[in-house]
Amino acid sequence: MNKHPAFVEWKETVLKKTLERFPERQKEFKTDSGFPAERLALPEEIDDKYLLKIGFPGQYPFTRGVQPTMYRGRLWTMRQYAGFSSAEESNKRYRYLLEQGTTGLSVAFDLPTQIGYDSDHKISRGEVGRVGAAIDTFADMEALFNGIPLDKVSTSMTINSPTAILLAMYVVVAERQGIKPAQLAGTVQNDILKEYIARGTYIFPPHPSIRLMTDIIEWCSREMPQFNTISVSGYHIREAGSTAVQEIAFTFANACTYVEAAICAGLDVDVFAPRMTFFFNASSDFLEEIAKFRAARRLWARLMKERFKAKDPASLKLRFHTQTAGYTLTAQQVDNNIVRVTLQALAAVLGGTQSLHTNSRDEALTLPLEDSVRTALRTQQIIAYESGVCNTVDPLAGSYYIENLTDRMEQEISALIDRIDAAGGMIAAIESGSVQRQIEESSYTYQQQIENGERIVIGQNKFQETKEVSPPVFQINKFIEENQVMKLLKIRAERDNQKVRKSLAHLEEAVRGKENVMPHVIEAVRCYATLGEICDVLRKVFGVYEETKGY
Amino acid sequence: MNDIDEIVKGIYLKEPRAIGRAISIIEDGDQRAGALLKQINAKNIQESTILGITGPIGTGKSTIINQLIAHYRKQGNRVGIVAIDPSSPVSGGAFLGDRIRMMRHAMDKDVVVRSMATRGKQGGLCAAAAAAVRIMICSGCDPVIIETVGVGQAEIDVVRLADITILVLAPGVGDEIQMMKAGIIEIADIVVVNKAECPGADSLFMELENVLHQRNCTVCRVIAREAYGIEKLAVFIGVIDKERRKSGQFTNKRKQTRETEIIDYAIEMMRDELRRRLKEYPGNYTGDPRTIARKLIDDICIAELDTSKRNCPEVFL
Amino acid sequence: MDIQQCRGRILIGKPGLDGHDRGAKIIARSLRDDGFEVIYTGIRRTPEEIALTAIQEDVDVVGLSVLSGAHNELFPEVLKALHQAKGGDIPVIGGGIIPEEDIQHLKELGMYEIFTSGTPVQTILNTFREATEKYRQRKHKII
């Protein structure tokens with residue numbers, strides 16, 4: 001047994017405390033041959049370099065993981081992003097997923113909801129209920145969580161520009177279930193900067209968007225202390241075509257902007273930082289992805305400690321959700337996608353993720369069918385319960401290749417962040433379009449590599465099959481838009497419109513001033529003001545963002 | 001939409017399809033270009049004002065133009081925009097992205113936008129851009145704005161088509177020295193310092209004032225994103241326009257532009273003819289290039305005297 | 001006139017609300033590198049905006065990308081808007097996550113071609129070339 005004082009200290013303090021509070025899942029973990037799986041394998045000699053760079057799990061710099069026992073203590077949250085057509089349909093899928101063993105909900109909203117338009121707006125044509133649930137008023141939100149006790153689940157909502165409104169609706173739904181905001185657990189994405197860079201569901205210009213974000217953070221730090229108020233996302237940056245280095249660097253540069261904004265708004269970094277989570281992509285370069293996650297954890301801990309002077313260890317921990325890479329899925333030989341997803345999911349697990357979404361085999365063709373979603377979930381379960389990788393913490397530590405690659409990734413990411421800082425920070429880089437251009441460059445290079453065969457994609461540019469069987473396709477209810485619009489019109493007719501106008505006027509006043517908008521948004525939501533109406537107030541005061549020219 | 005008379009009629013009726021097609025006919029060297037151009041020399045060309053707006057990437061030209069469009073539209077004017085971007089010297093292709101920032105006017109039929117690529121040739125571009133401007137004016141646009149990027153000779157040439165040239169700068173963006181070297185600053189009538197709220201804007205403004213005050217060039221500060229200073233810019237433009245029309249400078253400038261345009265056309269016409277003749281030239285062009293050139297020109301002149309039969313494309317007739 | 005003949009003018013547009021412009025931008029850039037002049041509208045455009053822009057710019061082909069699944073609504077809307085703006089003759093090529101059965105249907109409605117993910121860029125370029133050449137023959141009289 002290793003007797004190094006640092007290790008002994010870790011064992012006596014960090015590990016002991018955790019084991020007391022959260023015992024491991026099993027009394028002992030064994031290999032297939034029957035001997036015990038080591039909790040934490042260590043080098044024979046622990047030297048300063050090891051302590052500085054790698055250390056012990058649950059302890060600075062967190063290279064080996066944010067918890068001391070990792071998956072021996074608790075498995076990652078298996079969280080499948082889902083949502084389509086109406087709130088009622090989505091509700092059915094959530095209940096199905098909960099029955100099948102998912103441990104957290106992840107709500108997808110349709111595009112009009114994400115961009116702040118009601119379902120009857122002209123621009124919503126064809127998009128209602130398409131990529132997620134359509135939400136116009138709090139009645140839709142109530143239907144979405146019908147029969148699901150909100151104090152028993154953790155809910156992640158992929159929502160950015162109109163976060164305040166959806167969060168308010170969630171709070172009001174809980175209120176009707178007799179649950180206080182403080183009892184609610186979950187995450188809102190609330191990461192606006194990456195929308196300008198990659199995902200495109202922005203509404204307002206960057207500066208007012210950041211103000212909305214800080215209002216939410218500030219309000220939640222008081223009222224919803226269990227809720228993660230921001231999930232800084234590299235996932236979509238990667239999907240837009242970035243490299244792994246760019247994914248982490250741009251995400252961290254965004255995160256630093258948020259931290260600075262929160263500090264400027266008077267929040268203590270140690271109050272805010274522990275409620276900040278991350279969301280990354282697990283792509284196909286297996287070993288680089290693992291190194292990426294480890295490097296990211298170490299770099300983030302350093303940034304928080306050195307740049308922002310965070311003191312609480314919880315502020316230094318990079319907690320992240322991972323989703324397998326959608327852009328690597330092919331429309332050809334769709335079953336191959338199951339294998340891709342398996343490898344990507346395994347990389348995420350070996351990289352120490354806190355929660356995971358595995359993509360379904362048919363996603364290059366359609367919204368996933370229930371069968372495909374089940375296989376995707378089973379993939380996670382096989383990794384968790386059969387593969388044995390969860391029996392030990394950070395099994396790849398100490399591999400020369402992995403450690404060297406981890407160092408290299410950290411250097412490259414750090415250098416790119418420095419370049420952004422030197423050029424005036426992330427908002428300036430977004431407004432000038434330079435970040436977007438760098439991603440476009442990577443994306444174009446990637447595509448050219450596929451085109452000229454330098455990068456092999458099985459079934460697409462190698463080992464193709466001439467006869468492709470096209471799999472069945474998910475059918476969206478044709479009447480969804482019509483039904484949703486009728487429901488909305490009915491509410492508009494039945495609600496107390498004077499009350500709505502009054503609540504919106506109060507909101508406008510708050511938005512124009514410096515007051516926190518959250519209580520006013522909640523009030524408007526209670527009066528059945530629609531998402532579009534509330535966003536119109538914000539649009540009126542803040543203006544709208546326009547895309548930059550690109551290359 | 002292929003009959004020239006129909007197209008000409010359409011231009012005057014402000015039909016987007018006719019305007020768009022007419023510009024293509026000129027730009028692509030369609031043989032019906034000459035016939036088309038002959039029919040659109042309207043009187044209102046003298047009444048309308050052509051603005052040239054240029055400056056380095058990232059200074060916010062598009063935002064300023066957007067705001068100017070909004071300003072002129074509020075006054076009831078129909079506005080034309082010719083947005084010029086460079087062609088790739090390798091592929092000959094171009095990415096014409098100025099539209100993205102102007103999409104808010106996309107449904108306004110009284111905002112006529114045309115993106116053009118430099119297509120590697122200055123002279124030809126000038127001719128095509130000038131024709132596009134004229135077509136827009138005939139369809140009732142006043143003013144017409146020509147937008148170019150950067151500091152190349154092509155940009156300077158195009159901007160010369162304008163009655164009033166506006167150079168957009170911003171603190172920390174682009175190299176002012178480069179602008180001075182390129183001479184754009186010398187042909188500017190108004191220099192706009194955009195992003196006036198940003199650090200460095202004041203010193204840039206002072207510096208420009210110092211350099212430009214002897215030259216009767218106006219410097220003004222705007223924050224285009226918030227439309228701040230746009231009204232004032234429009235007033236400056238209006239004042240300069242009025243003064244110049246009164247003093248005769250406007251007419252002089254138009255005459256000069258006309259001259260440039262004619263010479264452009266002439267050179268372009270010659271170029272084809274010279275290429276053709278050079279191909280027929282005996283030997284491997286050995287000997288002094290200047291002497292050969294002289295001989296080619298002399299031959300053309302003689303041929304011109306000899307015969308009325310010309311091989312010139314109809315576009316230049 | 002010594003004007004370099006460009007291969008053609010293409011409008012690349014993203015109708016609807018989805019912001020996934022990776023594919024659209026790759027195609028725009030590939031077209032440029034293939035000698036086309038590309039007008040890009042940016043994301044979140046209405047079918048009417050796209051049609052009017054195509055008309056003003058007098059493009060030879062319109063390329064559309066939709067990844068949200070709203071193609072059955074949006075593509076026909078663009079065709080309709082083009083038709084109303086007297087540009088019904090402009091070929092329209094679409095791309096996105098589009099199931100086989102929808103492709104057939106959309107082509108019957110007048111789409112020139114539909115591409116799904118994983119199609120080699122060269123195949124897409126060839127189709128744009130072909131559509132452009134055909135259209136320009138009708139559009140121009142070039143010596």
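**A sheet shared by two chains, and its surroundings**

User: Over how many bridges do β3(B) and strand β2 (residues 36-40) of chain C pair?
Analyst: Happy to start here, with the note that this is a predicted model. One partnership is B:Ala94 with C:Glu37 in β2(C), and B:Phe95 stands opposite C:Val38 of that strand. β3(B) and β2(C) run in the parallel sense, and the number of bridges between them is three.

User: What is the order of the six strands in the open sheet?
Analyst: Strands of a sheet pair through backbone hydrogen bonds, either parallel or antiparallel. In this open sheet the pairing is parallel, and the order of its six strands is β3(B)-β2(C)-β1(C)-β3(C)-β4(C)-β5(C).

User: Which strands stand at the edges of that sheet, and why is one side of each left without a neighbour?
Analyst: The order begins with β3(B) and ends with β5(C). Each edge strand has a single partner strand, so one side of each lacks a neighbour in the sheet; the two are β3 (94-96) of chain B and β5 (113-116) of chain C.

User: By how many degrees are neighbouring strands of this sheet turned against each other on average?
Analyst: The pairing across the six strands is parallel. With direction ignored, the average turn between neighbouring strands is 20 degrees.

User: At about what angle does helix α5 (residues 121-139) of chain C run to β3(C)?
Analyst: Helix α5(C) lies across β1 (8-13), β3 (61-66), β4 (92-96) and β5 of chain C. Relative to β3(C), the helix runs at about 145 degrees.

User: How many residues of strand β4 (residues 111-117) of chain B are buried?
Analyst: In a regular strand the side chains alternate between the two faces of the sheet. Here B:Val111, B:Val113, B:Ser115 and B:Ala117 point one way, B:Val112, B:Arg114 and B:Met116 point the other way, and all are buried. The strand is mostly covered, and its buried residues number seven of seven.

User: Which residue of β4(B) stands opposite B:Val82?
Analyst: Strand β2 (residues 79-85) of chain B pairs with β4(B) in the parallel sense over seven bridges. Opposite B:Val82 stands a residue of β4(B), B:Arg114.

User: Are helix α10 (residues 244-264) and helix α12 (residues 286-307) of chain A parallel or perpendicular to each other?
Analyst: Their axes come within 10 Å and cross at roughly 25 degrees. Angles under 35 degrees count as roughly parallel. The relation of α10(A) to α12(A) is therefore roughly parallel.

User: How many nonpolar, polar and charged residues does the contact of α10(A) with α12(A) have?
Analyst: From α10(A), A:Ala244, A:Ile248, A:Phe252 and A:Cys256 take part, meeting residues of α12(A) that include A:Glu288, A:Lys292, A:Leu299 and A:Trp300. By class, the contact has eight nonpolar, no polar and three charged residues.

User: Which element gives the largest share of the side of chain C that touches chain A?
Analyst: In this contact, 27 residues of chain C meet 31 residues of chain A. Elements of chain C giving two or more residues are α1 (22-33), α3 (71-84) and α5. The largest share, four residues, comes from α1(C).

User: And which element gives the largest share of the side of chain C that touches chain B?
Analyst: Here 34 residues of chain C are in contact with 39 residues of chain B. α1, β2 and α2 (47-56) of chain C each give two or more residues. By class, this side has 14 nonpolar, eight polar and twelve charged residues. The largest share, six residues, comes from α2(C).

Methods
Residues numbered from 1 in each chain as written. Chains lettered and ligands numbered in written order. Predicted model: local features only at pLDDT ≥ 70, side-chain atom pairs only at ≥ 80, totals over all residues. Pairing = 2+ DSSP bridges. Axes fitted to C-alpha atoms, helices over the stretch in contact; angles between N-to-C directions. Contact = placed C-beta atoms within 7 Å. Buried ≥ 20, exposed ≤ 12 C-beta atoms within 10 Å, placed from the backbone. Parallel < 35°, antiparallel > 145°, perpendicular 65-115°, else oblique. Nonpolar A, V, L, I, M, F, W, Y, C, P; charged D, E, K, R; others polar.
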